[in-house]
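Open the model in your viewer with the sequence panel beside it. The stops below each give a selection to make and a short note on what is there.

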Amino acid sequence: PMAAEDAENALPAEAAPLGPGGARPRASASKSYGTEATTVGTETRTEVCCSVLHTAPGLDKKGHEEYSNVTPWVLRVFFVHTYYAYIYVFYMFVLAFYKGYALEYPEWRRWTEMVLIMFIPALQHLRFYFGYWGNELGMAHDMSFFLLLCTVVMCILLYFLCMQAYIMPLDSTFLFIAIVVVILEALCGSVNALQVLKLPTTTRTQTVVLSACILSVLAVITVFVARELRFHEALVDSYKYTS
């Protein structure tokens, strides 16, 4: 009886004995966090998940075997930046209300800027979430979404830095720090994204999207650096002229 049982277990799924009603036994499947391993008979196939949203909660945290986070300290930066984001958003609200009542301000522009300020915390929370898992596990979709959100947040902060900070110097101080921190996080994500591009499981579509997100981040950083250099040059020329 033991030999017959062993021979039955050694059969593949297609040759296994039929169950009640003529149904064959279903293939077994096992999943881990970041990877999905499916066993069909004697064949095992492993698929790497593209996003943390595709994985079930409560499983072991595991990304691609060839990926490693080369900037693990950026996860602590995310944690600290969470508190700083709430601080400068509060100041932005206070200063926006003050400028709206104390200065000549178009009504449509005032409400548009209020909406943009309210969008910042939501975008930051999404950016922190996908940035944490994207940098930790090296998932292509999470990394792409993180870099895209970095670009959007930097564009919003650049708008307030270039179009509103001239009214009150306090705006320029905390907005400059906010953009620099986002740039630091985006550069860390870009470095880790280069590893994701080299993974054998990365498809052509993911490569194109991820490359476009990296280029968009670099473009916004270039605009910010050019703006700061131009602003510094203007201050130097003004100082020489007045002296």
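Start by selecting helix H2: its 29 residues reach 40 Å from the first C-alpha to the last, close to the 42 Å expected at 1.5 Å a residue. Keep in mind throughout that this is a predicted model. Center on His81, where H2 bends by about 30 degrees.

**Along H2 to a surface patch**

Stay on H2, which covers residues 74-102, and pick Tyr91 in that helix. Is Tyr91 buried or partly exposed? Tyr91 counts as partly exposed because its relative accessibility is 39%. Now add Ile87, Phe90, Val94 and Leu170 to the selection and turn on the surface; together with Tyr91 they make a nonpolar patch of about 470 Å². H2 gives the most to this patch, with 4 residues.

**The whole chain**

Zoom out and color by secondary structure. The protein chain has 6 helices and 3 strands, and along the sequence the pattern reads α-β-β-β-α-α-α-α-α. If you color by accessibility instead, 37% of the 243 residues count as buried.

**Helix H3**

Select residues 107-137, which form helix H3. The end C-alpha atoms of H3 are 45 Å apart, and this agrees with the 45 Å that its 31 residues should span at 1.5 Å a residue. Where does H3 bend? Go to Ile120: the bend there is about 25 degrees, and a proline, Pro121, follows within four residues. Move on past the end of the helix to Gly138, which sits just after H3 and takes a positive phi of about 70 degrees.

**Salt bridges**

The structure holds 4 salt bridges, and three selections follow. Side chains of opposite charge can pair when their charged atoms come close.

Return to the beginning of H3 and show the side chains of Glu107 and Arg110, which meet in a salt bridge at 3.9 Å, N to O. Why are these two separated by about one helical turn? Glu107 and Arg110 are 3 residues apart in H3, so about one helical turn lies between them. An α-helix has 3.6 residues a turn, so residues three or four places apart point the same way. The two partners fall into separate accessibility classes: Glu107 counts as partly exposed at 44% relative accessibility, while Arg110 counts as buried at 11%.

Next select Arg127 and Glu185, whose side chains meet in a salt bridge at 2.6 Å, N to O. This pair links distant parts of the chain, with Arg127 in helix H3 and Glu185 in helix H5 (residues 169-198), 58 residues apart. Hide the surface to see them: Arg127 counts as buried at 0% relative accessibility, and Glu185 is also buried, with a relative accessible area of 0%.

For the third selection, take Arg227 and Glu228; they form a salt bridge in which the closest N and O atoms are 2.7 Å apart. Arg227 is partly exposed, with a relative accessible area of 22%.

**Along H5 and into the next loop**

Go back to H5 and pick Asn192 in that helix. Asn192 counts as buried because its relative accessibility is 0%. Add Ser68 and draw a C-alpha to C-alpha distance: Asn192 and Ser68 are 124 residues apart in sequence and 8.1 Å apart in space.

Follow the chain into the loop between H5 and helix H6 (204-242), where Thr203 lies. Thr203 is partly exposed, with a relative accessible area of 40%. Draw a second C-alpha to C-alpha distance, to Ala140: Thr203 and Ala140 are 63 residues apart in sequence and 9.3 Å apart in space.

**Cysteines**

Finish with Cys188. A disulfide is a covalent bond between the sulfur atoms of two cysteines. Why does Cys188 have no such bond? The closest cysteine sulfur, in Cys150, is 9.9 Å from the sulfur of Cys188, too far for a bond; the cut-off used is 2.5 Å. Cys188 is buried, with a relative accessible area of 5%. Then select Cys155, which counts as partly exposed at 40% relative accessibility. The disulfide count for the structure comes to 0.

Key: Residues numbered from 1 in each chain as written. Predicted model: local features only at pLDDT ≥ 70, side-chain atom pairs only at ≥ 80, totals over all residues. Heavy atoms only, no water. Patch = residues over 30% accessible without salt bridge, like charges linked within 9 Å, V, L, I, M, F, W, Y side chains within 5 Å. Areas by Shrake-Rupley, 256 points an atom, 1.4 Å probe, with all protein chains shown as cover. Buried < 20%, exposed > 50% of the residue type's maximum accessible area, 1.4 Å probe, protein only. Expected span 1.5 Å × (residues − 1). Bend = angle between axes of the 7 residues up to and from the residue.
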